[in-house]
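Student: I should like to learn how to read the side-chain features of a structural model. May we take them one at a time?

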Amino acid sequence: MAAMMMRGITLKGPGGPEMLVASSALPRPVVKTPTEILIKVVATAVNRADTMQRKGMYPAPPGASQLLGLEAAGVVESVGEGVSKWKVGDKVMALLGGGGYAQYVNVEQGHCMAMPDHLSCEEAAAIPEVFLTAWQAMRFQANLQSGQTLLVHAGASGVGTAAC
């Protein structure tokens, strides 16, 4: 049986945006573990980590997709037999190890969040990487409490903007 194919963005090699290539014959991922889900990607985001990865300065985690894209939003296409929180058709946004620049991506169920009804897929796709990084830094690293003031040094960056 032939593998199902999908479209996505690949790299010719490290460098600038000119190294990105639209590919129409990439193998479509499948659910590999009982706790994975397959997402049909509707939108992805571009952030600093993506650009660093594109330049060859930020390698993908071991075992992760070699395709770029660290966050995405879309619809659950299929689920592993151990998935309890998600079902086919659910709208989700996900923090990925890679693969968001494609039509489909597989991810562990715990890396997904329900997409709020009031957000578009494009808006939701921008949340997992930068907004969660900002929240984690303020909540767990700085232990910021109500009434305290936060000085954001990188207010023009994605994470800095999210913190503001």
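Student: Is Asp90 buried or exposed?

Tutor: A preliminary remark is that this is a predicted model. Burial is judged from relative accessible area, and under 20% counts as buried. Asp90 has a relative accessible area of 16%, and therefore it is buried.

Student: Where is Asp90 placed in the chain?

Tutor: Asp90 is in the loop between strand S4 and strand S5, the latter comprising residues 91–95.

Student: With which residues is Asp90 in contact, leaving aside its neighbours within four places in sequence?

Tutor: With those neighbours left aside, Asp90 is in contact with Gly74, Val75, Val76 and Lys85.

Student: How should I read a salt bridge, and how many are counted here?

Tutor: The criterion is a side-chain nitrogen of Lys or Arg within 4 Å of a carboxyl oxygen of Asp or Glu. By this rule, 2 salt bridges are found. One of them joins the side chains of Lys87 and Asp90, with an N to O distance of 2.9 Å. As to its partners, Lys87 is exposed at 53% relative accessibility, whereas Asp90 is buried at 16%. In addition, the side chain of Asp90 reaches the backbone nitrogen of Lys87 at 2.8 Å.

Student: What distance separates N and O in the salt bridge of Glu77 and Arg28?

Tutor: The side chains of Glu77 and Arg28 meet at 3.4 Å, N to O. This pair links distant parts of the chain, 49 residues apart. Glu77 belongs to strand S4 (residues 71–79), while Arg28 is in the loop between strand S2 (20–27) and strand S3 (36–44). Glu77 is partly exposed, at a relative accessible area of 31%, and Arg28 is buried, at 18%.

Student: Let us turn to aromatic residues. What describes a pair of aromatic rings?

Tutor: Such a pair is described by the distance of the centres and the angle of the planes. In this model, the count comes to 1 aromatic pair. The rings of Trp135 and Phe140 have centres 5.3 Å apart and planes at 90 degrees, so the pair is edge-to-face.

Student: Which residues form a nonpolar patch on the surface?

Tutor: Leu132, Trp135 and Phe140 form this patch, and together they have about 330 Å² of accessible area. Trp135 lies in helix H3, which covers residues 130–141. Trp135 counts as partly exposed, at 47% relative accessibility, whereas Phe140 is exposed, with a relative accessible area of 54%.

Student: I should also like to read the backbone. Which sign does phi have in most residues other than glycine?

Tutor: Most residues other than glycine have a negative phi. Asn143 has a phi near 50 degrees, a positive value in a residue other than glycine. Asn143 is placed in the loop between H3 and helix H4 (158–163). With a relative accessible area of 41%, Asn143 is partly exposed.

Student: Where is Leu144 found, and what is its relative accessible area?

Tutor: Leu144 is found in the loop between H3 and H4. Its relative accessible area is 26%, and Leu144 is therefore partly exposed. Leaving aside its neighbours within four places in sequence, Leu144 is in contact with Met138, Arg139, Thr149 and Leu150.

Technical notes. Residues numbered from 1 in each chain as written. Predicted model: local features only at pLDDT ≥ 70, side-chain atom pairs only at ≥ 80, totals over all residues. Heavy atoms only, no water. Patch = residues over 30% accessible without salt bridge, like charges linked within 9 Å, V, L, I, M, F, W, Y side chains within 5 Å. Areas by Shrake-Rupley, 256 points an atom, 1.4 Å probe, with all protein chains shown as cover. Helix = DSSP H or I, 4+ residues; strand = E, 2+ residues; numbered from the N terminus. Buried < 20%, exposed > 50% of the residue type's maximum accessible area, 1.4 Å probe, protein only. Polar contact = N/O pair within 3.5 Å; in protein donor to acceptor, adjacent residues only side chain to side chain. Contact = heavy atoms within 4.5 Å. Phe/Tyr/Trp six-rings, centres within 6.5 Å; stacked < 30°, edge-to-face > 60°.
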